[in-house]
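Biologist: I would like a close look at one part of this model, told slowly enough for a first-year student to follow. Please take one residue as the starting point and build the surroundings around it.

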Amino acid sequence: MAEILLAVERLKKFFTAKRGFPNPETVTVRALDEISFMVKRGEAFGLVGESGCGKSTAGRSILRLVEPDSGRVTYAGEDILAADAARMRVLRQKMQIVFQDPYASLNPRRMIGKALAEPMLVHGLGTPTEIEERVEALLAEVGLPPDSRWRFPHEFSGGQRQRIGIARALTVGPELVVADEPVSALDVSIQSQILLLLRGLQDKHGLSFIFISHDLGVVRWFCQSIAVMYLGRIVEIGPIPGIFDEPLHPYTQMLRRSSPVPDPEIRIEPARFGGEVPSAVNPPAGCHFHTRCPHATDICRQIYPAWREVAPGRGVACHLHGS
Amino acid sequence: MATAFKVEPAEPVLSVQGLTTSFRVSGDWHAAVRDVSFDLAHNETLALVGESGCGKSMTALSIMGLVPKPAGRITAGRIMFEGSDLVSLDREAMRRIRGNRISMIFQEPMTSLNPVLTVGFQVAEALRYHRAMGGAEADRAALDLLEQVKIPSAARRFKDYPHQFSGGMRQRVMIAIALACRPQVLLADEPTTALDVTIQAEVLALLAELKQAYGMSMVFITHNLGVVAAIADRVAVMYAGEIVEVAAVRELFRRPRHPYTELLLRSIPRVDRHVSHLETIEGQVPSIAAMPAGCRFAPRCPLREARCDAPPPLAGAAHHVVRCWVRSEGGGHG
């Protein structure tokens with residue numbers, strides 16, 4: 001059994017927002033409603049789901065970029081949520097994040113060389129000469145020309161900017177990278193370049209990933225196991241490819257059947273459901289998915305199904321798969 | 001899909017011939033769409049597929065007469081529709097066609113819907129304008145349309161505003177507006193790209209169903225080859241402003257001829273099976289101001305030869321044409 005690098009237990013994060021005009025009401029967005037999962041060392045763990053399911057909030061809460069309300073996050077045995085500021089600085093060297101749009105996270109007036117050197121200076125990782133050398137090595141590692149150091153973010157294409165985003169995450173030598181939709185904004189031919197780069201880094205450095213994506217094809221290719229989220233909760237966890245070949249939860253089945261496949265012989269099957277998709281502001285009572293579920297029964301409308309482990313590493317929250 | 005029992009007019013519904021749309025970039029005119037030709041048959045769905053900047057959207061905007069001026073203009077070609085050349089039509093004549101005989105839907109419905117008007121009003125508007133219907137009559141027809149695009153409890157939501165709808169429902173409203181006047185041709189520009197996959201599947205099914213019911217033809221623009229496989233009858237692949245390959249959908253996915261199409265198909269991770277080797281296409285699409293003189297894909301092409309320095313024509317048997325010196329001869333790669 002591989003070592004558990006990260007354990008997330010009953011992680012919860014609710015946001016409040018004001019909605020409506022002219023008389024705004026305060027509403028609670030149940031972005032993360034007690035999710036639990038584990039990431040093994042060296043593994044790429046996928047978090048999938050549709051917009052608003054809480055997958056990005058999960059990534060951010062784990063790194064404490066947003067402070068979770070409750071729950072536990074344990075990194076290599078250490079409780080992250082209990083760490084003080086000084087300890088958090090050390091832990092952040094172990095855990096980094098790559099965003100969907102690296103352009104938004106790069107200072108437009110700062111040259112790439114400086115942007116890459118900064119995290120190392122902040123964390124005091126070496127002398128200026130060592131840092132210079134490290135920047136050069138990082139650029140080579142992510143496949144950017146050495147003269148990129150003297151260029152500004154706007155001089156790069158989308159794919160190159162994502163390479164910069166990855167290089168910056170690597171500056172401090174992390175063990176775990178949270179990649180939040182890292183290839184979603186890229187064209188297909190560029191997407192495969194970035195996926196191959198990430199796979200190479202995983203192999204070479206033994207990196208672990210939390211890979212957040214809405215694209216099941218990409219997740220199937222890159223990850224070893226996944227958690228499927230729906231309205232702030234995890235509905236199914238399992239290893240790849242098992243979870244795609246035999247999805248247990250009706251939502252996983254729906255996602256799988258709706259995902260387009262580049263083969264005209266395999267036509268996608270739309271769900272027969274036609275109504276509005278509920279939101280995490282006011283999730284339906286009982287199982288959140290019951291309003292769209294073809295198998296919903298009375299119990300689904302009343303009681304949220306308990307989590308059930310059906311096989312090692314394989315679990316589901318669905319009354320169909322109750323005891 | 002064509003049925004053997006229906007008598008179909010042999011004339012294409014829409015015929016684009018040698019379309020070139022150019023843009024001015026620092027003083028010089030460059031073609032964003034170059035020598036694009038295709039015919040659209042009755043009740044056919046033609047997918048225009050390609051990556052960002054390949055000219056697929058600009059082709060649709062050219063057909064609609066919506067090329068942004070003065071930065072861009074159609075510099076060559078004809079767009080034949082119902083006996084007239086759309087390129088030469090004046091503004092008034094074009095207005096009578098747009099949203100009436102040819103309609104268009106876009107990726108982000110929120111930017112096309114007016115936020116301060118109810119959706120019912122906006123659907124009825126097309127009917128009042130093009131069909132000169134009175135208020136009550138147009139409202140009745142609009143409600144019928146909203147039901148056809150399967151908006152739940154349409155009557156109750158008739159007077160709701162766009163922001164009260166989800167992305168998928170807004171796109172349904174856009175489809176209702178586009179179909180209000182029963183157009184011959186629907187241009188759909190990445191209509192499902194901003195939607196979640198489950199909603200995308202529903203909207204694709206709805207479009208296919210309505211196309212059949214209305215007997216219209218559709219040009220479906222997308223970058224997603226999975227979506228192409230799901231909806232298209234025929235596919236035109238675009239690269240750097242040109243069509244590089246056209247074939248029926250099964251033929252294209254089974255026997256891609258152009259190296260770009262082939263690499264693209266092999267660079268997609270698939271949800272239905274494990275892909276051991278993911279292909280990549282080295283380099284980037286050339287910029288509009290620095291197009292190669294010969295084959296535009298040559299700088300990134302693994303099959304490049306000396307003759308690729310000259311621009312290849314779109315050649316081959318009628319059912320499968322390809323713009324490639326290496327692959328247009330013989331039987332391709334089998």
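Does A:Phe289 count as buried or exposed?

Modeller: A:Phe289 counts as buried, since its relative accessibility is 1%, where buried means under 20% relative accessible area, exposed means over 50% and partly exposed lies in between, with a 1.4 Å probe and protein chains only. Before going further, please keep in mind that this is a predicted model, in which local features need pLDDT of at least 70 and side-chain atom pairs count only at pLDDT 80 or more, while totals for chains, interfaces and linings use all residues, and side-chain values use heavy atoms, leaving out hydrogens and water. Residues are numbered from 1 along each chain as its sequence is written, and chains are lettered from A and ligands numbered from 1 in the order in which they are written.

A:Phe289 belongs to a wider set of ring contacts, for a search of the whole structure finds nine aromatic pairs over all chains. Rings of Phe, Tyr and Trp (for Trp, the six-membered ring) pair if their centres lie within 6.5 Å, and planes under 30 degrees apart count as stacked, over 60 as edge-to-face and the rest as tilted. One of these pairs joins A:Phe209 and A:Phe222, whose ring centres are 5.1 Å apart and whose planes stand at 80°, so the pair is edge-to-face. A:Phe209 sits in strand β8 (residues 208-213) of chain A and A:Phe222 in helix α7 (residues 216-222) of chain A, so this pair ties together parts that are 13 residues apart in sequence; here helices (H or I, at least four residues) and strands (E, at least two) are DSSP runs, numbered from the N terminus. Both partners are out of reach of the probe for the most part, in the sense that A:Phe209 is buried with a relative accessible area of 1%, while A:Phe222 counts as buried at 0%.

The pair that contains our starting residue is formed by A:Tyr230 and A:Phe289, with ring centres 5.1 Å apart and planes at 85°, so the pair is edge-to-face. A:Tyr230 lies in strand β9 (residues 225-230) of chain A, whereas A:Phe289 lies in the loop between α9 (250-258) and α10 (298-302) of chain A, so the pair ties together parts that are 59 residues apart in sequence. A:Tyr230, the partner of A:Phe289, is buried, with a relative accessible area of 4%. Returning to A:Phe209 and A:Phe222, ring pairs link these two residues and A:Phe211 into a cluster.

The backbone deserves a look as well. Most residues other than glycine have a negative phi, and most peptide bonds are trans. In chain A, a cis peptide bond joins A:Ile240 and A:Pro241, with omega about 10°, and A:Pro241 is placed in the loop between β10 (233-239) and α8 (242-245) of that chain. In chain B, a cis peptide bond joins B:Lys69 and B:Pro70, with omega about 5°, and B:Pro70 lies in the loop between α1 (56-64) and β4 (72-81) of chain B.

Chain B also holds B:Ser26, a residue other than glycine whose phi is positive, near 35°. B:Ser26 lies in the loop between β1 (14-25) and β2 (28-40) of chain B, and it is exposed, with a relative accessible area of 73%. For B:Ala132, too, phi is positive in a residue other than glycine, near 50°; B:Ala132 lies in the loop between α4 and α5 (135-148) of chain B and counts as exposed at 65% relative accessibility.
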